[in-house]
Amino acid sequence: LKQTPEFIKHKEQEFPNHQTVEDFLADENLAESSTARRDFLKFLGFSVAAATLAACEAPVTKVVPYAVKPENVTPGMPTWYASTYYDGASYASIMVKTREGRPIFIKGNKDFGFTQGGTNPQIIASVLGLYDSERLTAPQANGSTSSWSAVDTAITKAIAGAKKVTLLSNTVISPSVQRAISEMAVKLNGEAGSKFEHIQYDAISYAGMREANLLNFGARIIPSYDFSKAKTIVSVGADFLSTWLLPTEFAVQYGTRRNPEGEWMSKHFQFESVLTVSGSNADVRGMIKPSEEAAVLAYMIKALGGNPGFAANAGSWKAAADKAVAALTKSKKESIVVSGSNHVGVQQLANQLNNLLGNYGTTIDLSTTIELHQSQDAKALQFAANVAAGKGPDVLIMMGVNPVYSMPNGAAFAKGLKSIKTSVAIASHADETASLCTYICPAHHQLEDWADFRAKSNEYAVAQPTIRPLNNTASALESLLVWNGAAARGGQDSAVAYDYIKATF
């Protein structure tokens, strides 16, 4: 304010005068037993400045050029790889962005696969798991690091001497892995035919839908849905844009008919208990209790002239249901009704409503089936009860599952697991189940895998590793059951790759 000469001098000087450490420490005030506030701030300013200068001194890194540069790698320029992602629940054809062999980003592949570029947050974020420091890098035996040869030898010996061997896995959609498991069953069962058993179990189950289709159509299937052909969409508790069944495909189909400038727009009715992504995009949203899902479907069946088999009392959702019935009456077979319930009876009501409208053969295809979500709930729960009761098999191999965490009797299963002679977990982490097993065989990340997938009955895709696998030495058992990155030299054809595994291991 006073524009003193000292102030003007400092104002014109951008940086303060350089002061050596010796000059600073020679200050007489430093010898005093008590330090003034101004001197304390002086100390503080010096320490901050010194730390900042030290942090700015980056180490010298010398760049070593390629002696022979790979044709598809240019330092500083990203390389894109086409692949396929499947983790037991989410599936999509993807493009992976890498820099010098390191994946850093995932997006959908619009040029290949029926997902047409669709992804979900789980798939996009999966690239972070590749750099997870908690991932297992070596096999473990009884909680200690071991070698592949030692683990293979011990497991092979245990299987040979076992009376009962059970493989508990998530849904397997790889034809080569299915073939490997089938041949393993033939070899182990022999004439008795009861030594080996394979049970598929998914933490999020669609067994109710498959059982309902078995009762209605004679086959335990999940049909394909085409939301791009539906002028009216009615969803009862199914978040088909985010989590239900195959959202990577459904979201793209749905988006093609939600364009105001398009030929026509679909009308979307959502009945749900909590707000979902699908519900937030609906034209009409009806709030219901979980116990009212059957009543909503039955009400619409009766309103369209059908017989649901029981009387449905309408609730606060009646106005939304009446609007849905009016839209369904207008669109008829150009509509889709889906249910997110895992209850067989509720799924049968959805089937009845779709059949009443004539949707089968138009928006719903029974000939092209979805191969995901093949969980055998009844067998899995019975098996878990047997293990909890101490009646488990001699050898239990678990692949892609964590029953101690996800099963309703997980705590009892964990206690029963200790009574099994040999338990093997093929997992990427020492999770709740794997940490209790006799042996842990590290599994590859999806971006390290090389496998074939059949997500639909008429679709086939191959996933190739985008980087060199971290676990370079694969075990014979892991290769037989998982068919992972160690088989990358086998070629893209399923049979060729399988023969390569069989000959190598």
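**Exercise 1. Which strands does helix α4 (residues 121–129) lie across, and at about what angle does it run to β3?**

Before solving, a word on the model: it is predicted, so local features need pLDDT of at least 70, side-chain atom pairs count only at pLDDT 80 or more, and totals for chains, interfaces and linings use all residues. Residues are numbered from 1 along each chain as its sequence is written, and side-chain values use heavy atoms, with hydrogens and water left out.

*Solution.* Start with the elements: helices (H or I, at least four residues) and strands (E, at least two) are DSSP runs, numbered from the N terminus. Next, the sheet: β1, β2 and β3 form an open sheet in the order β1-β2-β3, with antiparallel pairing. Strands pair if DSSP finds at least two bridges between them. β1 (79–86) and β3 (102–108) are the edge strands, each pairing on one side only. From one strand to the next, the twist averages 35°. Strand β2 (residues 91–99) is joined to β3 by six bridges, and V96 has I106 in β3 as its bridge partner. Now add the helix: α4 lies across β1, β2 and β3, at about 175° to β3. Axes here are lines fitted to C-alpha atoms, for helices over the stretch in contact, and angles run from 0 to 180 degrees between N-to-C directions.

**Exercise 2. Find the order of the four-strand open sheet, then place α11 on it.**

*Solution.* The order is β11-β10-β9-β12, and the pairing is parallel. β11 (284–287) and β12 stand at the edges with a single partner strand each, so one side of each has no neighbour in the sheet. The twist averages 10° from one strand to the next. Step inward: strand β9 (residues 232–236) pairs with β10 over five bridges, and V234 stands opposite F269 in β10. β9 also pairs with β12 over five bridges, where V236 has S339 as its bridge partner. Five of the six residues of strand β10 (residues 267–272) are buried, so β10 is largely enclosed by the rest of the structure. Buried means under 20% relative accessible area, exposed over 50%, and partly exposed in between (1.4 Å probe, protein chains only). Finally, α11 lies across β9, β10, β11 and β12, at about 140° to β10.

**Exercise 3. Describe how α10 packs on α11, and α13 on α15.**

*Solution.* Two packed helices are described by the angle between their axes and the distance between the axes. Helix α10 (residues 293–303) meets helix α11 (residues 318–331) at about 45°, with axes 10 Å apart. That makes α10 oblique to α11; angles under 35 degrees count as roughly parallel, over 145 as roughly antiparallel, 65 to 115 as roughly perpendicular and the rest as oblique. The crossing is right-handed. In α10, Y299, M300 and A303 make the contact (heavy atoms within 4.5 Å). Their partners in α11 include K318, D322 and L328. By class, the contact of α10 with α11 has seven nonpolar, no polar and two charged residues.

For the second pair, α13 and helix α15 (residues 410–417) pack at about 55°, with axes 7 Å apart. α13 and α15 are therefore oblique to each other. α13 passes α15 in a left-handed crossing. The contact is made by F383, A384, V387 and A388 of α13 with A412, F413, G416 and L417 of α15.

Technical notes:
A crossing is left-handed if the near helix is turned anticlockwise from the far one by less than a right angle, and right-handed if clockwise. Ala, Val, Leu, Ile, Met, Phe, Trp, Tyr, Cys and Pro count as nonpolar, Asp, Glu, Lys and Arg as charged, and the others, Gly among them, as polar.
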